[in-house]
Amino acid sequence: MDEDSEDEDSDADDLDDVEEPLQWWSDFMAWLMQFESLSVCFLLGMYVMHLTYNLKVYKDELSYDVWWYHLGFLVPLLFSLLVLFPLGLVELTTVQAFSAPDQEVLHTIVSEVRQAHTDLVFIQNKVTGLTQGKAKALLLNANGGDDTVKRMDLMSLLVSIDVHLTKERALGVFDLVDQEHDDTGVTRGKTMKLKVKNCLEDAIDTQVPIDDLLDSARKAKMDGNSGKEA
């Protein structure tokens, strides 16, 4: 027991040693990314206001075709602004979530997850009252026979089993189910028509199988009387 306690203390000390410099680096990188995005926007403005005019006036004196100069100037800037900057922002957010989390954001996330769990318990009560098979049949009928449901359609779909949620709460339930099962919305036993339909819808919206929704509702547990009403 003493050795385990010493190992835990050592791990906590190592974590503190890593977390402190990461806080400074995350703040510095946030400032650096703001500076980089501002510089790219400034260069794009210079391109529109000056370079396009100069290329138009002096195009006969250029060594290469004028479009090569347009591409050489625009491609790096657009790649930096539309690809590198979003990817860097994702990585920076990941680091900040570990080293310098925003307490307001944390409280908001915890509240949303708890509300989604409460709504799942309420769905469980409705499903239990209807039996699993009948609940699935009602959901399938409301979804046009498709056994995967899109994120934006979940609110209207739940009405078929007498579950009325706001749009935000329905999205929270969907995200909770999606994270629990880590599913892409592709299931077996579909007709080719439904497979094609779902593949097209995947490009627009995330989907989860109805079976996963019912499975998450069935496994949801909550103490007390919470979840009895929505």
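What percentage of the 230 residues of the protein count as buried? In this predicted model, 26% of them do, and a tour can begin with the whole chain in view before any single part is selected.

**The whole chain**

Colour the chain by secondary structure, and eight helices and two strands should appear, arranged along the sequence in the pattern α-α-α-α-β-α-α-α-β-α. Among contacts between residues at least 6 apart in sequence, 78% join residues at least 24 apart. With the surface switched on, the protein exposes about 15800 Å², and carbon and sulfur atoms supply 60% of that area.

**Confidence**

Next, colour by pLDDT, whose mean over the protein is 76, with 76% of the residues reaching 70 or more. Select residues 1-9, where the pLDDT is below 50 and where the model has zero contacts beyond near neighbours in sequence. Then move to residues 183-190, where pLDDT also stays under 50, although the model has 20 contacts beyond four places in sequence for this stretch. Of the elements to compare, helix H7 (residues 192-202) has the lowest confidence, at a mean of 57, whereas helix H5 (residues 154-158) has the highest, at 86. Where pLDDT is low, the predicted coordinates should not be read in detail.

**Two annotated stretches**

Select residues 31-55 and then residues 67-89, both of which UniProt lists, in an unreviewed entry, under "transmembrane region". In the model, residues 31-55 are 100% helix and 0% strand, with 34 Å between the end C-alpha atoms. Residues 67-89 are likewise 100% helix and 0% strand, and here the end C-alpha atoms are 31 Å apart.

**Helix H2**

Widen the selection to helix H2 (residues 66-99), whose 34 residues reach 48 Å from the first C-alpha to the last, close to the 50 Å expected at 1.5 Å a residue. Where along H2 is the kink centred? It is centred on Ser80, and the bend there is about 35°. Ser80 is also one of the buried residues of H2, which include His70, Leu77 and Leu92.

**Helix H3**

Continue to helix H3 (residues 103-130), where the end C-alpha atoms of its 28 residues are 41 Å apart, in agreement with the 40 Å that the helix should span at 1.5 Å a residue. Show the side chains of H3 and look for its buried residues, among them Ala116, Leu120, Ile123 and Val127. An α-helix has 3.6 residues a turn, so residues three or four places apart point the same way. Is Arg114, which lies in helix H3, buried or exposed? Arg114 is exposed, because its relative accessible area is 61% and the cut-off for exposed is over 50%. From Arg114, draw a distance to Val173, which is 59 residues away along the chain, and the two C-alpha atoms are separated by 10.0 Å.

**Two loops beside H5**

Now select Arg151, in the loop between strand E1 (148-150) and H5, which counts as partly exposed at 24% relative accessibility. Arg151 and Thr206 are 55 residues apart in sequence, yet their C-alpha atoms are 5.6 Å apart in space.

Finish at Asp162, in the loop between H5 and helix H6 (167-181), which is partly exposed with a relative accessible area of 42%. Its backbone merits a look, for phi of Asp162 is near 65°, a positive value in a residue other than glycine. Most residues other than glycine have a negative phi.

Technical notes. Residues are numbered from 1 along each chain as its sequence is written. This is a predicted model: local features need pLDDT of at least 70, side-chain atom pairs count only at pLDDT 80 or more; totals for chains, interfaces and linings use all residues. Side-chain values use heavy atoms; hydrogens and water are left out. Helices (H or I, at least four residues) and strands (E, at least two) are DSSP runs, numbered from the N terminus. Buried means under 20% relative accessible area, exposed over 50%, partly exposed in between (1.4 Å probe, protein chains only). Contact means heavy atoms within 4.5 Å. Accessible areas come from the Shrake-Rupley method with a 1.4 Å probe; for residues, only the protein chains shown count as cover. pLDDT is the predictor's confidence in each residue, from 0 to 100. The expected span of a helix is 1.5 Å times one less than its number of residues. UniProt positions are given in the numbering used here, feature names are shortened, and annotations may be inferred rather than shown by experiment. The bend at a residue is the angle between axes fitted to the seven residues ending there and the seven starting there.
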